[in-house]
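This report goes through one protein structure, starting from a single side chain and working outward to the whole chain. The sequence and structure come first.

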Amino acid sequence: GDVLANTTSVGMLPEVGLSPVPKDALAAGGFQVVFDAVYNPLETTLLREAKEVGCTQASGLDMFVGQAALQFELFTGARAAKHLMRRAVLDSM
């Protein structure tokens with residue numbers, strides 16, 4: 001199925017009530033998966049509405065942590081502790 005990917009900051013703190021795609025467009029679009037690069041809040045309006053219309057949701061948290069881990073590994077040559085990085089992000093929210 002089709003994937004919708006939001007790579008804008010629409011819906012990120014402090015404007016958490018906004019969505020780049022209207023709910024009716026999500027319902028009519030035939031999307032199987034909706035990805036939102038926004039990671040704060042974890043469930044954006046876009047992801048909540050995608051869930052409401054039956055789409056699988058993917059949050060930006062995994063992308064954020066994965067990107068940070070790769071940067072750490074490239075810079076230090078050491079393996080990144082992704083679980084600790086993820087916990088640090090969640091604890092800071």
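## A buried acidic side chain

In this predicted model, Glu49 is buried but takes part in no salt bridge. The nearest side chain of opposite charge belongs to Arg48, at 4.5 Å. A salt bridge is counted only within 4 Å, so the distance of 4.5 Å to Arg48 does not qualify.

Glu49 is located in helix α2, which covers residues 45–52. Leaving aside residues up to four places away in sequence, Glu49 is in contact with Ser19, Val21, Lys23 and Leu26.

## The aromatic pair

How many aromatic pairs does a search of the whole structure find? The search returns 1. The pair consists of Tyr39 and Phe64, and it is stacked, with 4.1 Å from centre to centre and 20° between the planes. Planes under 30 degrees apart count as stacked, so the angle of 20° meets that criterion.

Tyr39 sits in the loop between β2 and α2, while Phe64 belongs to helix α3 (residues 61–76). The pair therefore ties together parts of the protein that are 25 residues apart in sequence.

Are the two rings' residues buried, exposed or partly exposed? Tyr39 has a relative accessibility of 22% and therefore counts as partly exposed. Phe64 is also partly exposed, at 31% relative accessible area.

## The sheet

An open sheet is built from 3 strands, arranged in the order β1-β2-β3 with parallel pairing. The edge positions are taken by β1 (2–6) and β3 (56–59); each of these has a single partner strand, so one side of each lacks a neighbour in the sheet. On average, and ignoring direction, neighbouring strands of the sheet are turned by 15° against each other.

Between β1 and β2 (residues 31–36), the parallel pairing extends over 5 bridges. Within this part of the sheet, Asn6 has Asp36 in β2 as its bridge partner.

## The whole chain

The protein contains 4 helices and 3 strands. Read from the N terminus, the order of elements is β-α-β-α-β-α-α. The C-alpha trace spans about 45 × 30 × 20 Å along its principal axes.

The protein has 93 residues, of which 26% count as buried; Glu49 is one of the buried residues. Taking contacts between residues at least 6 apart in sequence, 56% join residues at least 24 apart.

Terms used
Residues are numbered from 1 along each chain as its sequence is written. This is a predicted model: local features need pLDDT of at least 70, side-chain atom pairs count only at pLDDT 80 or more; totals for chains, interfaces and linings use all residues. Side-chain values use heavy atoms; hydrogens and water are left out. Two strands pair if DSSP finds at least two bridges between them. Helices (H or I, at least four residues) and strands (E, at least two) are DSSP runs, numbered from the N terminus. Axes are lines fitted to C-alpha atoms, for helices over the stretch in contact, and angles run from 0 to 180 degrees between N-to-C directions. Buried means under 20% relative accessible area, exposed over 50%, partly exposed in between (1.4 Å probe, protein chains only). Lys and Arg count as positive and Asp and Glu as negative; His and the chain ends are not counted. Contact means heavy atoms within 4.5 Å. Rings of Phe, Tyr and Trp (its six-membered ring) pair if their centres lie within 6.5 Å; planes under 30 degrees apart count as stacked, over 60 as edge-to-face and the rest as tilted.
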